[in-house]
Amino acid sequence: MNVGLPIWMLLVALLAGVAVAGFLYFRNKKQHYGKALTIILFALRTLMTALAVLLLFNPYIRQKVTSVEQPVLVLAHDNSASIALGKDSAYYKTEYLSQLEQFKSELADAYQVDSYEFGQEIRDFDHLDFSDQLTDISNLLQTLDRRYYKRNVGAVVLFSDGVYNRGFEPELLAQKFPFPIHAVVLGDTVSYPDLSIKNVHYNKVVSLGATYPVRVTVGARDLANKKVTITLSEDGRLIDKQEITIPSNRFSKEIDFMLEATSKGVKQIDIEVGGIENEEQMLNNVKHIFVEVLDQKYKVLCLANAPHPDLSAIRSVLNENYEVDFAFAKEQIPDFANYSLIVLHQVPSEKTDFNALKSQLEKNRKMPLLFVVGPSSDLKYLNEIQKVYAINIGATNTVLDVKAHGNASFSTFTMESKDLEIVNRFPPLALPHTEITPLAAHDDLLLQDVMGVKSGLPLLSYAHDGRKMAFLFGTNVWRWRLFEYYESENHAVFDEIFTKSLKYLLLAADDGSAIYCKEEYYSNEPIIIRAELRNASNELITDPDVNIQIVNKLTGDTYDYAFAKREHDYELNAGILPEGIYTYKVQSQIGDKILTVNGSFSVVAIGIEAQQLTADWERMCNLAASTNGKCYMADDMQQLLADLQNDTRITSVEHQETRFEDLIHSKWLFFVLIGLAAVEWVLRKMFGSY
């Protein structure tokens, strides 16, 4: 233990003590003590005074503290449906659960055990029912890495079949995972001949009379040289089919169908692959999709400074329900009145006829705009045509690499937190060094992250100052789309961001209400919708009743509900609904004004977990080997228990840390001062001074 105090402070305190004691015992002639007693009293008063003066300087104690951290064992169990869909499903729902509880109980007797279950999400272990319809092992490893950062984790025991259908390859994370993983392989490891529909790509909304594609990904295992048939039926009527020959035992192929939208309404299309006798698993042979045919189109104008791959990326989000025209700054600006939405990609720029652009915007004051601000944007003219942000050139004339990070307080529409985590990994956009000053109300979905520094500056923002506007600060969003496909072989998050952005811009002006409803729900997921109401002062209110009518567009079934009132908003839990496309109509009355909000969502069957029912033994063993762990089968848990108990790496860890504490907070110091004063008082009392 060290007291952090300079020598001069000690000398000042000591001199102050000597001065006070000297004045009391040597200059005061009325005191008549013997020489020895005077020296003792002088010393006591000197120490007491010096210590009191010393405390006025507020010195601190520096001390080393030793602590012992006991090892933690983390158990992570896969709760996905694929484990219990195989031949041994009865075993995993009965006998296996008892073995697992016994294993956990014996392990808890010797170690601190933290247990989790995972699938669609990670949660504390409650009970296994193998009901999760998605599996994300990479998210599990990332979460454990963050949650137990610099903790004494002896091992992670991973119970899984190794099959994942969300996220990316967990082997990539295992190479840098800080804790050993002991993998317990669950599920059926025997490979059976199997046909499956792995994926279907299609447009959910198409225009009447359009020809639209449906791309079916067919997979097959151990069926070399077999012929199979893929059929498509609309409302029970066969509309197309193809026959293919499977060339190898491990086979996957994308097969395209072109369908005609001949009538309005919601169409159920049943996709089935078959032709193999005595197939063990048929759950993954059928897929149902729902397509809504509308007799209307939105027209979108992409006005750009020059051709750019961003335009193709944005165009890819727009389905057949959108008609897209492209124009460039050096060309004559089209009449905005012919369009529903204008995308201004680095416009205005030096090439832009600004007077013509400004004239078109003044003629179409309600026209929604999507600004993409980049290196070619003319910021002076940009500030003239919008009053949401003042955007000026920064201190350095450079182009920055700006990454995105999600804004938790965003409320214009709903985005899943897991999707925002994916956005955080997107590559950077190109943005000139700019100073961005807000001038009006805005809502930021994404904020800027420059060289690891997360700022409050907007990257993707929405505003409404008479016309609806969205601002994307940075170009090269095409990289986002390619990166997401590289990681997960789809564009789901990219498409959701821009689809919802366009829907926000195309919807009618705000009426004081906000409805938070997902575009798509799984068939095993409750339909939860939130609503907000605001009064004329833009304050949240919960006095009026809010009702909703939900209609299944395929069957015509109608569901009427009332929202439950909460402290600041409303919530509806409509429970589980059948597959299909649904429309909803929300109504409420504020004073004399009746508010009505219309929208739609779809409910889709979740069959991903049935696509692969053979456990991936190789992946589980690779995860263990990459982290210096071992691989076990489900009936080897007693051997796993013995190996854990004999593992010398699972041991307590001693930590030493240096702590600083103000000396004045030490209780012992108080008793020292009281003791010195008491001894002095007793001596003086005994010899007649007090």
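Two strands are taken to pair if DSSP finds at least two bridges between them. In the predicted model described here, strand 3 (residues 72-78) meets this criterion with strand 4, the two running in the parallel sense over 7 bridges. Within this pairing, Val74 has Asp114 of strand 4 as its bridge partner.

Strand 4 also pairs with strand 5 (residues 122-124), here in the antiparallel sense and over 3 bridges. Glu117 stands opposite Arg123 of strand 5. Strands 4 and 5 form a hairpin, with 3 residues between them. Of the 7 residues of strand 4 (residues 112-118), 5 are buried, so this strand is largely enclosed by the rest of the structure.

An open sheet of 5 strands was also identified, with the order 9-15-14-11-12 and mixed pairing. Its edges are formed by strand 9 (205-207) and strand 12 (237-245), each of which pairs on one side only. From one strand to the next, the twist averages 25°. Inside the sheet order, strand 14 (residues 265-274) and strand 11 (residues 227-234) pair in the antiparallel sense over 6 bridges. Ile230 has Val273 of strand 14 as its bridge partner in this arrangement.

Nonpolar side chains tend to be buried together in soluble globular proteins. In the present model, the largest nonpolar core comprises 68 residues. The residues with the most contacts inside this core are Phe336, Leu357, Leu445, Leu446 and Trp480. Helix 12 (residues 492-506) contributes the largest share of the core, namely 8 residues. A second, separate core contains 27 residues, including Val216, Ile230, Ile246 and Ile269. Ile230 thus has two entries in this description: a bridge to Val273 of strand 14 and a place in the second core.

The surroundings of Leu445 were examined further, leaving aside its neighbours within four places in sequence. On that basis, Leu445 is in contact with His405, Gly406, Asn407, Phe410, Phe413, Met415, Leu420, Leu460, Tyr462 and Ile497.

Confidence was assessed by pLDDT, which averages 85 for the protein. A score of at least 70 is reached by 95% of the residues. Confidence is lowest in strand 1 (residues 2-4), where the mean is 54. It is highest in strand 19 (residues 369-373), at 96.

How values were computed. Residues are numbered from 1 along each chain as its sequence is written. This is a predicted model: local features need pLDDT of at least 70, side-chain atom pairs count only at pLDDT 80 or more; totals for chains, interfaces and linings use all residues. Side-chain values use heavy atoms; hydrogens and water are left out. Buried means under 20% relative accessible area, exposed over 50%, partly exposed in between (1.4 Å probe, protein chains only). Helices (H or I, at least four residues) and strands (E, at least two) are DSSP runs, numbered from the N terminus. A nonpolar core is a set of buried Ala, Val, Leu, Ile, Met, Phe, Trp, Tyr and Cys residues joined through side-chain atoms within 4.5 Å. Contact means heavy atoms within 4.5 Å. pLDDT is the predictor's confidence in each residue, from 0 to 100. Axes are lines fitted to C-alpha atoms, for helices over the stretch in contact, and angles run from 0 to 180 degrees between N-to-C directions.
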